[in-house]
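Dear colleague,

Please find the structure we talked about just below. I would be grateful if you could keep it open while you read the notes that come after it.

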Protein chains: 2
Amino acid sequence: MTTHDRPTRVHIIGSGLIGASAGMALRAKGFAVSLEDMSPTSAALARDLGAGDLPGPPDADASIDLVVVATPPDVTADVVVAAQRRFPVAVVTDVASVKRIIVDEVAERGGDLARFVGGHPMAGRERSGAISARADLFTGRTWVLTPTDETAPEALTLVRSAAEATGAAVVVLGAGEHDEAVAAVSHLPQIAATVVASRLEELSDTAVELAGQGVRDVTRIAASDAGLWTQILVGNAPAVRAVLDDVIADLQDLSGALAAIARDGSHDLGAPGARAVIAAQLVAGNAGHARIPGKHGQAPTAYGSVIVLVPDEPGQLGRLFNDVGDAGVNLEDLRLDHAHGRPFGLAEVFVLPSVLGHLVESLTERGWRLHV
Amino acid sequence: MTTHDRPTRVHIIGSGLIGASAGMALRAKGFAVSLEDMSPTSAALARDLGAGDLPGPPDADASIDLVVVATPPDVTADVVVAAQRRFPVAVVTDVASVKRIIVDEVAERGGDLARFVGGHPMAGRERSGAISARADLFTGRTWVLTPTDETAPEALTLVRSAAEATGAAVVVLGAGEHDEAVAAVSHLPQIAATVVASRLEELSDTAVELAGQGVRDVTRIAASDAGLWTQILVGNAPAVRAVLDDVIADLQDLSGALAAIARDGSHDLGAPGARAVIAAQLVAGNAGHARIPGKHGQAPTAYGSVIVLVPDEPGQLGRLFNDVGDAGVNLEDLRLDHAHGRPFGLAEVFVLPSVLGHLVESLTERGWRLHV
C-alpha cells in the first residue's frame, strides 16, 4: 500500500494536540493529510495551522491508506471500528496511552484486527488542543506500536513508516506488555509521587522547610493534571492494580519490620530479621534503579561531578556555564539545589571523569567556590 | 558562657565527616577546637587536616564550653551522658539524624537535659570519613536544633551560635516534630523511590526503555546507600511507620478503586465512586506538592520555560549556556531529558517570565531549535 506512485494518504480523526501535531509532522514529510473532528471549530483551527485538509474524504474512499484515531481513550475503539467500516482498505492506528483494552474492544465490536495497529506516542505537553500542536512534538520521543498475531505485516510496516516520519523512535511491544510497562514506568511513579506529596499537607510550615532535593525530585510529577491522570489510571486499571499491590505488599513488610524495631528498641541488638527486611528492599531498589537506561538507551555512564556555590545574583549561573564552556568541557548533566535561607544555590556539574580535574582547576582559577 | 574574654572552646567527639567538617568550620571562625575519636588514626588525620587539636582536654576541664558528639547514632546518647559527666559545665550537642530517641535515652541514662541540645545538620556527602571533610560542608544547609522544655536558654544560644558559625541556617523544632518532619520529607520519599525502582527489576529490557523523565526523577534517590539508609529508617522507626501506614491506607483505597473499575469496565459509566477516590488522591498530591518551598524558602516562583533541542556533540550544551549568558538572561533552573535512541537531548531552560521572549528570540537567532 506504499507502492502507489503517489503520496501516502493519511486521514486523522481528532484534531487535538496529538492529532494536529501528527498532521503537521506528516505533511512536512510529504504525506497527504486530511482531518476531521467532532468540533468543526477545532478542525478548522487545525487546518489553518497546517495540520491537514478539510473536508475529510467521502465514506468508502479507497485511496485512504492510513487512518489515525486521535480521540479521547474512552471512545477510541468505537471510532477505530467505525473508521474501518468507512474506509474498507485503510489500515487504522490509534494513540491511546493504554493498549490492551483497545484491542479487546475493537475485537468485541467486530473490528478487523488485520488492519488495526495499536499505537502510543510517548509525547505530550502541559497544554492541550490544536493550538498547542507542533510538527516536532514527536522528535526524539518513543512511539510504541502494539501489533497482535492477527495484524497484517504490511499494516505494521505502514504505521511504522508514518510514526518514524514524525521523528519518533518506534518500539514494538505486545499490548499487554506495553500496559504492564507503562504501569511500572509511568503510572506507578505518578501514584508514588502523589501519595508522598499528600503527606506534606499535614506538616507545619517549619517542617516543610526541611524539604531537600530528594523529596523535590520524588514529588515533582505530583503537580500533574488530576483529571487527565484519573483517566489514565482508570484506563489501565488491571495493570496498575497488579503493580500497586506488589508495592503495597513491600510496604506492609517494611511497616511490620519498623513495628518490630519500635517494639524491641532500635538500638538493641534485637530484631535482626527486621533489619534484613529493610536492607533487602533498599538493595532491590538499587538494582531496579540501575536498570534505567542512560543517555540514548545505553548503560548509565559514570560521570564525575563537582558542586559549585553560585551566588544568587542575575547572571551568576550564566557566568558559570560560560566558564564551563570556556574551559572546553562538555557538561553532561546538571543538578541545582536551592539552599534554604541563603542567598545562593549549589550547582552540581556532571562531566566525563577524564576532564573533571581540568574543570576543577579552571573554575577555581576563575574564582568559583567548589566542593569537589 | 560566651562572655569570657577568650575564644569559645569546643571539644568534638568523633572525627568523621561531620565532626571533622564542623571542626574546620569552627576554627575558621576563631573557635578553639579540640578532638577525640575511638580511632587514634582517624583523630590524627582530622588534626592534620586542620579540624582541631590533639590530645583532647583532661577530664573535668571546666574551660570546655561546648561538646559536639558526632558519633554513629547507636552510641550517641551514651557518649552525650559520658561527656556531661567528664565536662561538668559544658553544653553538649549531637548530630544524629533522629532526635526523639536520643533525648529519651539521655534522660533514661541520667543525663542533664538543661545542658543538652539535640542537633541535626542536614548536610552530607556520598563519601564518609575525615578525609572527605570540608570547612564549607554546612554552608547554606539547614541545621535543625531540638531543645526541650528543660534546655537552658543559654545552652540553646551557645549551640545556635556555633551552628550558625559553620554557615548553616538554624531551624528550631521539637524533637518529635523533627522526627515526623524528616519521616515525611526525607525517609518516606526514600522508601517510595526504593519500591518504585524495585518494580523495574522484573521488566523486560524493551519495557525499561519506555522509562521517561518522570520515573527517573521519582527513583533517583533509589541509588542511595542501602546500609546507611537501613540505619536511618531503623533509628526513626516509629515516625516512619506512622507516615508509611498512612501511605499504605491511601494505596489500598486506590487499589480497591482500580479493582472496582477493572470489574465494572473502565469505559462504562459505572464505578463513579471509584473514579472519585482516584481523583481526590491526585488532587491531594497537587496540594501537598504546592507546599514545597521554592528558592530560599519562599513560595515557588512561576518561571517561564523553553525546551531546546541540543545535539549530542561535545560542547553543545556548553554552547547553549554560553548563548543564554550572552543574552544577558539569568537561568533559574534547568531540566535535561535524554531522548531514547536519538543523537540529542532536550534541555528545558527556566527563566523569569519577563525575559522569556527575549531569550527565545536570542536563541532562535543563534540557530537553536526551540519548543516554546
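The notes below go through how the two chains meet and then through some details of the backbone.

Please bear in mind that this is a predicted model, in which local features need pLDDT of at least 70 and side-chain atom pairs count only at pLDDT 80 or more, while totals for chains, interfaces and linings use all residues. Residues are numbered from 1 along each chain as its sequence is written, and chains are lettered from A and ligands numbered from 1 in the order in which they are written.

I begin with the interface. In this model 122 residues of chain B are in contact with 122 residues of chain A, where contact is taken to mean that the C-beta atoms of two residues, placed from the backbone, lie within 7 Å. On the side of chain B that touches chain A, the largest share, 20 residues, is supplied by helix α6 (residues 175-200) of chain B; helices (H or I, at least four residues) and strands (E, at least two) are DSSP runs, numbered from the N terminus. That side of chain B is made up of 65 nonpolar, 35 polar and 22 charged residues, with Ala, Val, Leu, Ile, Met, Phe, Trp, Tyr, Cys and Pro counted as nonpolar, Asp, Glu, Lys and Arg as charged, and the others, Gly among them, as polar.

How are the two copies related? A turn of 180° and a shift of 0.1 Å along the axis lay chain B on chain A with an RMSD of 0.2 Å, and the two are thus related as by a two-fold rotation axis; the superposition is by least squares on the C-alpha atoms of residues with pLDDT of at least 70 in both. Because 99% of the interface residues of chain B are also interface residues in chain A, the copies meet through the same surface.

Now to the backbone. Most residues other than glycine have a negative phi, and most peptide bonds are trans. In chain A, however, a cis peptide bond joins Leu54(A) and Pro55(A), with omega about -5°, and Pro55(A) lies in the loop between α2 (40-48) and β3 (66-69) of that chain. In chain B, Leu54(B) and Pro55(B) are likewise joined by a cis peptide bond, with omega about -10°.

The loop between α2 and β3 of chain A also holds Ala60(A), whose phi is near 70°, a positive value in a residue other than glycine. Ala60(A) is exposed, with 11 other C-beta atoms within 10 Å; a residue counts as exposed if 12 or fewer other C-beta atoms, placed from the backbone, lie within 10 Å of its own, as buried if there are 20 or more, and as partly exposed in between.

With best wishes
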